[in-house]
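Please load the model in a viewer with selection by residue number enabled. The tour below proceeds by selections, each followed by a description of what is found there.

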Amino acid sequence: MKKASMTRRLFLLSTGAAATGLIVGCSTAAAKGKGYSAIAGAFEPNSFIQITPDNQVIFYLPSSEMGQGILDGLTTLIAEELRVQPGAIDVRQASLHEDYKNPEMGMQATGGSNATRAQFLPLRQAAADTAAAIRNAAAKQLNQPLDKLVLADGHVIVDGKSYAFGEFVAVAALMQVPENSPLRSPEQFEQIGRERPRLDALAKSTGTAEFGIDAEVENLYRAVVVRSPVLGATLQGFDASAALKRSGVVDVVQIKSGVAVVAQSYWQARQAAAVLELNWEKTELGSWSSDSIYNKFNETLNDSSQKGLECCDEGEGDKLLDQSATVVAADYYAPYLAHATMEPLNCTVEVNGDSCAIYLGTQNVQASAGAAVYYGDFDADKVKVHPAFLGGGFGRRGLGDDVAEAVLIAQKTGRNIQLVWSREDDMINDFYRPAVLVRMQAGVSEQGLIETWAVRRVGPNIMGYMLDEWVDALAPDYLNKGFVDWLSKLGRPIFNRFIADPSAGDGIYSDYDTPNKAVRHVTQDPGLRTGFWRSVGHSSNAFFKESFIDELAQSAGIDELEFRLANMKNNPRLTEATQLVAAKAGWGKTLPEGHFHGLATHSSFGSAVAQIAEVSIEGRQIIVHKVTAAIHCGMVVNPGIVRDQIEGGIIYGLTAALHGEITLVNGVIQQSNFHNYPMLRMADAPEVEVHIVESQEHPEGVGEPGLPPLAPAVANAVFKASGQRLRDLPLRLS
């Protein structure tokens, strides 16, 4: 596999290295306290923009580019206000700095589909102030009134003459940078809303883009870690004598999660790791298998004495459930899922005395640095993080467990090392999307209006496991480590007993106008660690909600589209998306023989998405021919990227809907690679058509909202095609 990857990369390099044009790369220069490298003579009006005397405009990207197009989107915001073409901007990944914290998250991290929403105004303001500073400097230097100066394409235009921005940076650096400069109105936009090829496309298609695994430093050794076959087990002892005799092996050391083998090459380290003899203690998770987990969930679901925690209680809650004309109830199940990013985890650590540099693709620059401080005992100002492109994130690359392992190995061996997780390492040591069993109940009036909505969920939580990782990495470094470790362990009991995990209620009750709602979550956790998976709680809750809505519509004898529209009158965004997708897909039209439409709608991360799947059945195989989608996400920065993200969410969601399932036998994960955790193949991918509702409202998320409606849209179509109501994921016909 490695050979194939290198061959592909070498091919791309050989065919594309000479290509010129936009400079897109991830800076590996030291941060030096600013999150970027100072350039002699450059104008530095803020932490995001530098303009050099030779007219180079540099933008320091505060968010991580993991394929979602945020490099393009945020650069477009800068270009719009600065009056520069996006392709003329040199985009560099920002290192760690206070100014790059996500305004909504309070830390330098990327996730939750909020980068555009959170940065839409701050970045435009930074660029508008920079443009005003250049204009002021030009007026002074050229001795011209401000109203005669026009900015265009990185130049100041006056009296028919054009001057490059760089000609004014020396004067601008001596003047006060304006604040709160006027932003361009939508009517003035030249870049926002315009479709163009992605800015990082050339670098990625020619193999010149730097991902984490491309990092190279002097005297670099490769490391692999052998971890417990059952997550969470403690190492009782190990014998490394055979491994140490293998060619190229230089060290074998124990770290918190297992035993690391360090060698001159990855292959040598991997081969030596295979002959390690390790003795692990048994854990509670070792007594659980998938069947017993499901049975325990089901037992708890039927145990009314376990009330659980309240996610939602509106109106009369579930008190009126039995008073409606029709009452419907059904149970649904979603399994554990792995992230399966195309680039498995990796982290390179360069140690130099009391300082270290970390190179990796990460969704959380701040947690990566914090992990080095906590686990490596480095002072915070001695740690530099050099973010690179991510080969897929989906929530997996936001934790810091990979950094913790890499730093510990480097510290114990005193060597520069690159830790690489194999696909198998990644698959069996993930932070999984939690499994959940749900009982949906609803009362519907004779007019087809939902009067009461009641949900009872059983499964593990996410936040406890997240806090266990994040508190260690993000706590102030002056706190005692023992106290921080104790603090980090409080998350699980708090969310198990006192506070409902926010993801438990994600989108399971909020789309429809139902006056009476009650949602409760009962924690049942076998101990398999869980984490944020693309769309988080929405990814499974949408399947439960939208499959059940179809059941309600059919029980009421009302068309599924009309039933939804009648029950979402207070949700204009979702209504517009639903009407648009129905019109574009031709809801109700005659389809080819054996083909059927299924509809699902869902709001998440500020956006509303509706999808219609066209499905047929061959034997017991589900064939998805086409998915038509409509999204209302507010103002669009680049329509092409919005479509890309919805298409990606559909493919990722369809993979999960048809194939995704992590199973356990005695605590051991049964899946290890794509042969038994398959991805959707190109031949099985449906035609996808995406439509965008026109809007001038503030932009919202697009990276995650495309996934949740997919599984229920397919399941609802399968019901029409086969008569089988599939209430468990992945979808399998009997």
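How many cavities of 30 Å³ or more does a search of the whole structure find? The search returns 7. The coordinates on display are those of a predicted model.

**Stop 1: the largest cavity**

Select Pro434, Arg457, Ile462, Ser503 and Gly537. Among the 16 residues that line the largest cavity, these lie nearest its centre. The volume of this cavity is about 100 Å³. Its lining divides into 6 nonpolar, 7 polar and 3 charged residues.

**Stop 2: the second largest pocket**

Turn next from cavities to pockets. The second largest pocket has a volume of about 970 Å³. Its lining comprises 37 residues, and Leu231, Gly232, Ala233, Asp468 and Arg529 are the closest to the centre. Selecting these five residues will centre the view there.

Which element supplies the largest share of this lining? Colour helix α12, residues 463-474: this helix contributes 5 residues, the largest share. Other elements that each provide at least two lining residues include strand β9 (249-255) and the helices α9 (365-376), α10 (401-413), α13 (481-488) and α14 (491-497). By residue class, the lining of the second largest pocket holds 13 nonpolar, 11 polar and 13 charged residues.

**Stop 3: Ala406 in helix α10**

Select Ala406, which is placed in helix α10. Is this residue buried or exposed? Its relative accessible area is 0%, so Ala406 is buried. A distance monitor may then be drawn from Ala406 to Leu285: the two residues are 121 apart along the chain, and their C-alpha atoms are separated by 26 Å.

**Stop 4: the annotated domain**

Select residues 206-284. UniProt, in an unreviewed entry, places here the feature "domain: Aldehyde oxidase/xanthine dehydrogenase a/b hammerhead". Over this range the chain is 15% helix and 38% strand. The C-alpha atoms at the two ends of the range are 48 Å apart.

**Stop 5: helix α2**

Select residues 70-82, which form helix α2. The helix has 13 residues and reaches 18 Å from its first C-alpha to its last, close to the 18 Å expected at 1.5 Å a residue. As for its surroundings, 13 of the 13 residues of α2 are buried. Extend the selection by one residue to Arg83, which follows α2 and has a positive phi near 65°.

**Stop 6: helix α3**

Select residues 115-142, helix α3. Does its end-to-end distance agree or disagree with the expected span? At 1.5 Å a residue, its 28 residues should span 40 Å; the end C-alpha atoms are 39 Å apart, so the two values agree. Along the helix, look for a bend of about 35° at Leu121, with the proline Pro122 following within four residues. Helix α3 is mostly covered, with 20 of its 28 residues buried.

Now select Ala115, which is located in α3. Ala115 counts as buried because its relative accessibility is 8%, under the 20% cut-off for that class. Between Ala115 and Tyr336, which are 221 residues apart along the chain, the C-alpha separation is 27 Å. Just after α3, Asn143 takes a positive phi of about 55°.

**Stop 7: positive phi in two loops**

Select Asn180 and Ser535 together. Asn180 lies in the loop between α4 (169-174) and α5 (201-205), and its phi, near 55°, is a positive value in a residue other than glycine. Ser535 lies in the loop between β20 (516-523) and α15 (538-556), and its phi, near 80°, is likewise positive in a residue other than glycine.

Which accessibility class applies to Asn180? At 66% relative accessibility, Asn180 counts as exposed, since the cut-off for that class is over 50%. Ser535, in contrast, is buried, with a relative accessible area of 0%.

**Stop 8: a cis peptide bond**

Finally, select Leu729 and Pro730. What is the geometry of the peptide bond from Leu729 to Pro730? This bond is cis, with omega near -5°. Pro730 is found in the segment after helix α19 (710-722).

How values were computed: Residues are numbered from 1 along each chain as its sequence is written. This is a predicted model: local features need pLDDT of at least 70, side-chain atom pairs count only at pLDDT 80 or more; totals for chains, interfaces and linings use all residues. Side-chain values use heavy atoms; hydrogens and water are left out. UniProt positions are given in the numbering used here, feature names are shortened, and annotations may be inferred rather than shown by experiment. The expected span of a helix is 1.5 Å times one less than its number of residues. The bend at a residue is the angle between axes fitted to the seven residues ending there and the seven starting there. Buried means under 20% relative accessible area, exposed over 50%, partly exposed in between (1.4 Å probe, protein chains only). On a 1 Å grid over the protein atoms alone, a cavity is a set of points where a 1.4 Å probe fits but cannot get out, and a pocket is an open set with protein on both sides within 12 Å along at least five of seven lines; lining residues have an atom within 4 Å of a point. Grid points are joined across faces, edges and corners, and a volume is the space filled by probe spheres set on the points. Ala, Val, Leu, Ile, Met, Phe, Trp, Tyr, Cys and Pro count as nonpolar, Asp, Glu, Lys and Arg as charged, and the others, Gly among them, as polar.
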